[in-house]
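Dear colleague,

Please find the structure below for your examination. My notes on it follow.

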Amino acid sequence: MQSSDMRTVAQGMGLKLRIFEASDERGIESAFATLAQDKADALLVGSDPIFLVHREKLVALVAAAAIPAIYQYRDFTRLAD
């Protein structure tokens, strides 16, 4: 549901949207490799619990890639400080 809403909004704004799914740390790393290769302008992290479990890794990858990110939970931004 969340991804279909994002697709609809992105299409309406004329934006290119790529949705990545990850079920573990390796999947998160793989998604970031593709994000870096594609030179993504920004990242919106969904509310899936897998991202909470691996939030430290996720925040480190976002910082290393210097990609602006929006997180679903405040805990992520506290790690970035």
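The notes below cover the core, one helix pair and one residue.

This is a predicted model, in which local features need pLDDT of at least 70 and side-chain atom pairs count only at pLDDT 80 or more, while totals for chains, interfaces and linings use all residues. Residues are numbered from 1 along each chain as its sequence is written, and side-chain values use heavy atoms, with hydrogens and water left out.

The largest nonpolar core (buried Ala, Val, Leu, Ile, Met, Phe, Trp, Tyr and Cys residues joined through side-chain atoms within 4.5 Å; buried means under 20% relative accessible area, exposed over 50%, partly exposed in between, with a 1.4 Å probe and protein chains only) has 15 residues. Ile 28, Phe 32, Leu 43, Phe 51 and Leu 58 have the most contacts inside it. Helices H2 (25-38), H3 (49-53) and H4 (55-65) each give two or more residues to this core (helices are DSSP runs of H or I, at least four residues, numbered from the N terminus). H4 provides the largest share, 4 residues.

In the pairing of H2 with H4, Glu 25, Ile 28, Glu 29 and Phe 32 of H2 meet Lys 57, Leu 58, Leu 61 and Val 62 of H4 (contact means heavy atoms within 4.5 Å).

Gln 2 lies in helix H1 (residues 2-13) and, at 36% relative accessibility, counts as partly exposed. Leaving aside neighbours within four places in sequence, Gln 2 is in contact with Gly 46, Ser 47 and Gln 72. The C-alpha atoms of Gln 2 and Gly 46 are separated by 8.0 Å, although these residues are 44 residues apart along the chain.

With kind regards
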